[in-house]
Amino acid sequence: MLTVSTVNVNGMRAAAKKGFVEWLATSEADVVLCQEVRAEESQLPEEVVAPDGWHARHASCEVKGRNGVSVYSRADPEEVRVGFGEAEFENSGRYLEVHLPGLVVASLYLPSGDVGTPRQEEKERFMAAFLPYLAELRAKAEAAGAEVLVGGDWNIAHAEVDLKNWRTNRKNSGFLPEEREWLGRVYAEAGYVDVQRKLDPEGPGPYTWWSYRGKAFDNDAGWRIDLQVATPGLADRAVSATVERAATYAERWSDHAPLTVTYQD
């Protein structure tokens, strides 16, 4: 069996103090993907940089205090790649890829965007460059007899069942028609599969992110934006997908919850 967890930690230094370290220590996952680490290795505690039982890889952002992705794996990676070949995003702490036997697994933090601002333009440039890379990655892995899994915060809710308040978010970044269409192309053109949705086609949710504002968490007014997107061979092996939602608001160590998927051998 292969178990993979992905979670946006919303600042690793804070998450480590609030429960991430304990969660990782008890995790049964073989691979853990983290996003929005927002720290360089030198700023993180040892139990986060190099925890016992894990091979840890980190890719920080050249702008201090922003972005950052990590991959923790039980097996030592055969190869590690930071970025996906697009100069603008090479040192942005948004993509980290490791090669394990028969599997390429990556941690992705896609830009969140903000309509009418340069942040949305950045998101659009990222998407335009990333889609052909995904297609190329799948083709190369297929030729090598390997599968691909890109997990992380994709910052796009694909369908109405993927967010509670979809009617009021139709003009907001994360649920724009062009963003949803792009994610559809990841599936239809690049040939990937939304693993959680394959296991649970109906919805609604389960959501993985809830705003800290108001009572979003208590009312389960969330978004399903943390995804495990895999090549069909691996997606077909998925047997369970669980959102590890905290029992109470007070027990949260991030505004996201881990998405954990188990795959059969």
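**A tour from Asn-169 to two pockets**

Start by selecting Asn-169, which is buried, with a relative accessible area of 13%. As you look around, keep in mind that this is a predicted model. Asn-169 sits in the loop that runs between strand S8 (147-153) and helix H5 (177-188), and its side chain reaches the backbone oxygen of Asn-165 at 2.7 Å. If you leave aside residues up to four places away in sequence, Asn-169 touches Leu-163, Phe-175 and Trp-223.

Keep Trp-223 selected and add Asn-155, Ser-173, Trp-209 and Ser-211, for these five lie nearest the centre of the largest pocket, which is lined by 30 residues. The space in this pocket is about 790 Å³, and its lining is made up of eight nonpolar, 14 polar and eight charged residues.

Move next to the second largest pocket, which holds about 230 Å³ of space. Of the 16 residues that line it, select Glu-97, His-99, Val-104, Leu-137 and Lys-140, the closest to its centre. Strand S5 (79-82), strand S6 (95-100), strand S7 (103-109) and helix H4 (118-143) each give two or more residues to this lining, and H4 gives the most, with five. By class, the lining of the second largest pocket has eight nonpolar, two polar and six charged residues.

Finally, select Cys-34 and Cys-61, and ask why the sulfur of Cys-34 forms no bond with the one in Cys-61. The sulfur in Cys-61 is the closest cysteine sulfur to that of Cys-34, but it is 17 Å away and therefore too far for a bond. Cys-34 is buried, at 0% relative accessibility, and Cys-61 also counts as buried, at 8%.

Conventions
Residues numbered from 1 in each chain as written. Predicted model: local features only at pLDDT ≥ 70, side-chain atom pairs only at ≥ 80, totals over all residues. Heavy atoms only, no water. Helix = DSSP H or I, 4+ residues; strand = E, 2+ residues; numbered from the N terminus. Buried < 20%, exposed > 50% of the residue type's maximum accessible area, 1.4 Å probe, protein only. Polar contact = N/O pair within 3.5 Å; in protein donor to acceptor, adjacent residues only side chain to side chain. Contact = heavy atoms within 4.5 Å. Disulfide = S-S within 2.5 Å. 1 Å grid on protein atoms, 1.4 Å probe; cavity = no way out; pocket = protein on both sides within 12 Å on 5 of 7 lines; lining within 4 Å. Points joined across faces, edges and corners; volume = space filled by probe spheres on them. Nonpolar A, V, L, I, M, F, W, Y, C, P; charged D, E, K, R; others polar.
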